[in-house]
Number of protein chains: 2
Amino acid sequence: MQQDAEELAQAMRQGCLGVRIGRLHRLVSRRFDLALRPLGLTLPQLEILAALQIGGRLKPGAIADALAVERSTISRNLSRMEGQGWIRVESAPSGYSKAAELTDAGAEVLAGAGDAWNRTQEAVLELLGSDSPAVLDGWLAQLSKAGDG
Amino acid sequence: MQQDAEELAQAMRQGCLGVRIGRLHRLVSRRFDLALRPLGLTLPQLEILAALQIGGRLKPGAIADALAVERSTISRNLSRMEGQGWIRVESAPSGYSKAAELTDAGAEVLAGAGDAWNRTQEAVLELLGSDSPAVLDGWLAQLSKAGDG
DNA sequence: CGCATCTTGTTGCATATACAACTTCCTTGC
DNA sequence: GCAAGGAAGTTGTATATGCAACAAGATGCG
């Protein structure tokens, strides 16, 4: 059935998931990025540092898969972080395959971000409720299972 | 207690809300934007069209407040949309206060987006569960109540 | 009335993100 | 071994977003 502008606007207002999730992202990422700002890093960057801390040497494509980000995005984010000296990106001598890993400076920044992260995480957890991470994980599992369909 | 890099990385992996919400946003907004692409608009733009459909003439600052977006972001988004001819932005003759409203073309685009929006909304709702909008609304209410603190 | 202040909108600068197109390397199949 | 196809990264282009700094009104108080 054809829907007119007013109906769609009301339906979106009532329950658009995209709108709600976008707003949630703005409100929460602002808090994390604000807390991390004195350290000169952002939450997506911290996420990459943590992935490398856990995974050791990782290829860009593997990071992209792990974080559910496009390869092109990872490519640029790694460039910036390499510029900061937090990671090292090595091209295999043969030429093609690459691998990224934490530098000492990167591990230090990561460790130094602990307080800011803890503070923010606790504040947000307090607001959203202690079950929110599990709820989010359930949603993410569903989305991953569904793939790009 | 001082946390080292490994501990922080593990803690983030276990439950970082910022990371989870960022990923949720990427996965869901990709779906909406993909569905809307043939119409030449994005979800944030559709959100603004819907806000104007419901609210009539609105000042940029009021839109920013309603969508929980920075004034600077709204300023640029409105420019782009005005360029598309979907909205009209009038400066009060006296000079300062502005107001935006839908054009006929904007209302048409909004109405035309109904099918794509419905399809995507239903698909995502199926994945996240029918209670997900209410859960998100609860979280957003908490975050709004807390303000920028 | 006039100045100090608050409100609003814009612009500079930077990040994150995506899709598309391109390059390059690697893998298979013949 | 070589050519065709797939995988991996980069780069072009565009949007969304935020903070800071600035510009321009609008307001209120003395």
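Ala, Val, Leu, Ile, Met, Phe, Trp, Tyr, Cys and Pro count as nonpolar here, Asp, Glu, Lys and Arg count as charged, and the others, Gly among them, count as polar. Keep that sorting in mind as we look at how the protein chains meet the DNA in this predicted model.

**Around DNA strand C**

Let's start with DNA strand C, which has 24 residues around it. What kinds of residues make up the surface near DNA strand C? They split into 10 charged, 9 polar and 5 nonpolar. The closest ones come from both chains: Thr42(A), along with Arg30(B), Ser75(B), Arg76(B) and Tyr96(B).

Which part of the strand do the residues meet? If you take the atoms of DNA strand C within 4 Å of the protein, 61% are sugar or phosphate atoms, and the rest sit in bases. Some phosphate oxygens have a partner you can look for in the structure. In chain A, a backbone N or O atom of Glu70(A) is 2.9 Å from one. In chain B, the partners include side-chain atoms of Arg26(B), at 2.7 Å, and of Ser75(B), at 2.5 Å. As for the elements that give two or more residues to this surface, chain A brings helix 3 (43-55) and helix 5 (71-84), while chain B brings helix 2 (17-36), helix 4 (60-67) and helix 5 (71-84). Which element gives the most? That's helix 5 of chain A, with 5 residues.

**Around DNA strand D**

Now for DNA strand D. It has 24 residues around it, and the nearest are Arg30(A), Arg76(A), Tyr96(A), Lys98(A) and Thr42(B). Of the strand's atoms that come within 4 Å of the protein, sugar and phosphate make up 57%.

Here are some side chains with an N or O atom by a phosphate oxygen of DNA strand D:

| Residue | Distance to a phosphate oxygen of DNA strand D |
|---|---|
| Arg26(A) | 2.7 Å |
| Asn77(B) | 3.4 Å |
| Arg80(B) | 2.9 Å |

The elements giving two or more residues to the surface near DNA strand D are helix 2 (17-36), helix 4 (60-67) and helix 5 in chain A, plus helix 3 (43-55) and helix 5 in chain B. With 5 residues, helix 5 of chain B gives the most. And the make-up of this surface? It has 5 nonpolar residues, 9 polar ones and 10 charged ones.

How values were computed:
Residues are numbered from 1 along each chain as its sequence is written. Chains are lettered from A and ligands numbered from 1 in the order in which they are written. This is a predicted model: local features need pLDDT of at least 70, side-chain atom pairs count only at pLDDT 80 or more; totals for chains, interfaces and linings use all residues. Side-chain values use heavy atoms; hydrogens and water are left out. A residue is near a molecule or strand if one of its heavy atoms lies within 4 Å of it. A polar contact is a pair of N or O atoms within 3.5 Å; within protein, one must be able to donate a hydrogen and the other to accept it, and residues adjacent in sequence count only if both atoms are side-chain atoms. Helices (H or I, at least four residues) and strands (E, at least two) are DSSP runs, numbered from the N terminus.
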